[in-house]
Amino acid sequence: MPQTTLTLGGMAGQGLVTVSDLLLKLLARAGYRLLATQDYMSRVRGGHNFIQICIDADPVFAPQPAADILAALDRRSMDEHLRELTAGGIVLHDSDHTPPTVNGVRFAGVPMNRFANEAGNPVYANAVALGAIAALLEIGMAGVDALLREHFGKKGNEAVEKNIAAAQAGHRHIARYYAETTRPLQPVKQKTRMLINGAQAIGLGMMAGGLRFVSAYPMSPSTSIFNYVTANAAELGILSEQAEDEIAAVNMALGASAAGVRTAVTTSGGGLDLMAEGISLAGIAETPVVIANIMRPGPATGLPTRTGQEDLDLALNIGHGEFPRFVFAPGTAEEAFYTAIHAMNLADKYQVPVFLLGDQQLVDSYVTLDRFNAARVRFKNYLADPAKLPDPYKRYSLTPNGVSPRLPYGTPGARVMYDSHLHEEDGHITEDPGIVRAMVEKRFRKLKGMAKEPGAPTWYGAKKPLITLACWGTAYGAAREAVDALNGAGIKAGMAHFNRLAPFPSGEARALLAKKETLHTVEGNFTGQLARLLARETGIRTGVPVTRYDGRPITARFIIDRLKEVHGNGKFKRVSL
Amino acid sequence: MENSNAFRYEGEKAWCPGCGDFAILSSVEKALTRAGKKPEEVLTVSGIGQAAKLPHYLKTNGFNGLHGRALPPAFGAKTANHRLTVIVTSGDGDVYGEGGNHFIHAIRRNTEMTLIVHNNQVYGLTKGQASPTSDKGMKTKLQPDGVILTPFNPLAVAIALGAPFVARSFSKEIDLTAELIGQAMECGGFALIDVLQPCVSFNKVNTYQWYQQRAYRLGPEHDPADRMKALAKAFEWDEKIPLGVIYKNPRPGYVATVIGDAKPLVERDVDMEKIKGLMARLY
């Protein structure tokens, strides 16, 4: 469990993001390891949003079910999160909102609105809150001061000074009246780290993997990847296009890919549905494309701004007809960066669609990470050398490994034909059964090479566990923390995390999971999609899957509670979370 | 006829004898030959339908994609390598029906490419259902009491959206079509050429004779720069159908605006120093 967990709540449009961004920067620069999870409603103003910031000296992998500090920018935030406070927890609130009496909870009232008005405008309430939070964590004003200067500098001197005055008022108020109501952070060795969210990690990975063309239609929660790439597109020589719909987005990417550049599309469930036919086209036309699908719960519109892992079956099966594909689901932002690079390379190497599954929890959560290792980034151009190819060029030449040398449009002397029909080696439409068979077999010969690419499930925890968890994607963090808690209580536990779901690493999965006595999958869906995949691909039967399907992130406590329901309380009594 | 043109495909073409597609194919070959293009410099893109088979029967680069989805991959390919001459050649069902949304936004996007729509006012490949441009009253198996929907007017829509080049031809007018394609390729933006074309198998209303009785060539008195006059011409249909350049509205295309003089995307390399720079900013 992290040293301190802070929940920051308020209405949409109240400036919560500004406070949280500044606070995260402040803590990151002080050297802390952070995990900040965002919980927001599908609305632009009002409602109730919150951000949970876990602070520690070591990496934090999963959101927490409880908070040590609640910073409530409005009355509703105080009411909603009071019961989540740990013993001795602190509530920071506006003095205008009279708090209820709750045993074991300390309240720190700050006249946020009054201080803001004194500084010149109600909008400065955010700065008051920032100053007060810093004081509760016993962080001095110097860092806050510097940060506000940096952040508001471009808005002019007046904005800077007024924000600083407001922050100082909040800071001073805590120091003066609530000196005993603080929760100081233990100092850490300072180190330069990145403060990065999953969307940036995926975007950065795609760009490091040679992305040249990205097209998408905005859809939460995938839009933040598109935003990040677009913001840096000009500098990196990438073309970014907002398409009229997801159908256009994927087809645009395929055209660009045929012209020889690396392409990606970003979308979420419903948008992916619309791309289905285009993905099938990528399959038969053997056109590389990376599809980042950022999952949200529900069929149709579901819960647009919430998290879930319901699209594994979809990614494994989307598109009519049969064709090979890769499906990846990284567990952390760091893994997402390297997986995105890997995805860009593999799409090009095998000329197949590659899925990168993330979820709202991954893309919207901030973490502190050491800089990615640029030396680990291997960029290889898989386009063929025309001088080494026989004349005339055949786009779909039958090769032993199933991969046909690919030339871009515009190659002197070559006619490059991409076709959505069953086709001959040169791309010409055909219905000849012999050629059809040969082409289908050629495409599936790629699977042999694809299966040999890196992508084995990883193992974490005890070597000979009594309890084993299996998960994919972002369930990793909570499962890992649950495994730590179980081992901490003397119950030997371990977990397998699947980053690659297709081609499924059956041999490695069997090696890790066969004959495990108590085995459960942990997933953000109702039906246990990994459990069924495991059974189908390996014959391994798992117990009742631990599933969360209410749109909220899985926590370690959630997993342990479900295990108690299945196996009885007794064994888990000593597990502390 | 330029029998020795570099674009000529000699194999079998799976079109009905007498289909207007043959003539449109000849026009495309002619226009490319006259423009001095090399096959490798040209990309022909299509969706699905009888007309959409054309890229298979033309010796250029090709992308024969999905029904209704010819324009998006054409955009992707053109922006990835803007040195390519991109021609999109597909039918009325494909471009105006299934792909109607892309048609609208492709004109708004104004990418430098030529769209040739083989408009026979009927679905050919699926055997004779109404298309978006079928005239009211046309009876088919799926419209047994006749079409009641108002026909889509591609020219009027394109003019309303400010397309830089809007023209109409008739498949039999091979030279006119070739001439219009030539002008379209030079227009510096998105060009629409709607080519009326009989469907000898399924359209018993709009036959060769039907078109020939109505089609006439616009003379020098028509000013294609005049938007309202162009619109009036776009609505001429039942008695007289104008052929030629209906509307001209030169404006910078997408590539000129977004990419300019820069290298094509396909010639650009990954710069790891810039990636490192992005990481340094995440602090």
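What share of the contacts in chain A with a separation of 6 or more comes from residues 24 or more positions apart? The answer is 73%. Keep that in mind as you click around, and remember that you're looking at a predicted model.

**Stop 1: the whole chain**

Start with chain A in cartoon view. There are 18 helices and 21 strands to scroll through. The radius of gyration is 26 Å, close to the 25 Å that the globule rule gives for 577 residues, so the chain is as compact as a globular protein of that length. Line the view up with the principal axes and the C-alpha trace spans about 85 × 60 × 40 Å. Now switch on a surface: the accessible area is about 21,500 Å², with 51% of it belonging to carbon and sulfur atoms. As for what's hidden, 62% of the 577 residues count as buried.

**Stop 2: a strand on the inside**

Next, select residues 289–295 of chain A, which is strand β11. Seven of its seven residues are buried, so the strand is largely enclosed by the rest of the structure. Show side chains and look at one face, where you'll find A:Val289, A:Ile291, A:Asn293 and A:Met295. Flip over to the other face for A:Val290, A:Ala292 and A:Ile294. Both faces are covered.

**Stop 3: the partners of β11(A)**

Add residues 262–267, strand β10 of chain A, which runs parallel to β11(A) and is joined to it by four bridges. To find one of the pairings, pick A:Thr267 and look across to its bridge partner, A:Asn293. Then trace the chain from β10(A) through helix α10 (residues 269–285) to β11(A): this β-α-β crossover is right-handed.

Now bring in β13(A), residues 353–359, also parallel to β11(A), with seven bridges between the two. Here A:Val290 has A:Val354 as its bridge partner.

**Stop 4: the nonpolar cores**

In soluble globular proteins, nonpolar side chains tend to be buried together. Here, the largest nonpolar core has 94 residues, and A:Tyr409, A:Phe498 and A:Leu501 have the most contacts inside it. Select residues 246–258 to see helix α9 of chain A, which gives the most to this core, with eight residues.

Zoom in on A:Leu501. Which residues does A:Leu501 contact, leaving aside its neighbours within four places in sequence? They are A:Leu312, A:Leu316, A:Val327, A:Ala329, A:Trp472, A:Leu530 and A:Leu533.

For a last selection, go to the second, separate core of 56 residues. Among its members are A:Leu27, A:Ile53, A:Ala116 and A:Val128.

Technical notes. Residues numbered from 1 in each chain as written. Chains lettered and ligands numbered in written order. Predicted model: local features only at pLDDT ≥ 70, side-chain atom pairs only at ≥ 80, totals over all residues. Heavy atoms only, no water. Core = buried A, V, L, I, M, F, W, Y, C linked by side-chain atoms within 4.5 Å. Buried < 20%, exposed > 50% of the residue type's maximum accessible area, 1.4 Å probe, protein only. Contact = heavy atoms within 4.5 Å. Pairing = 2+ DSSP bridges. Right-handed = clockwise from strand over helix to strand, strands pointing away. Rg over C-alpha atoms; globule rule 2.2 N^0.38 Å. Areas by Shrake-Rupley, 256 points an atom, 1.4 Å probe, with all protein chains shown as cover.
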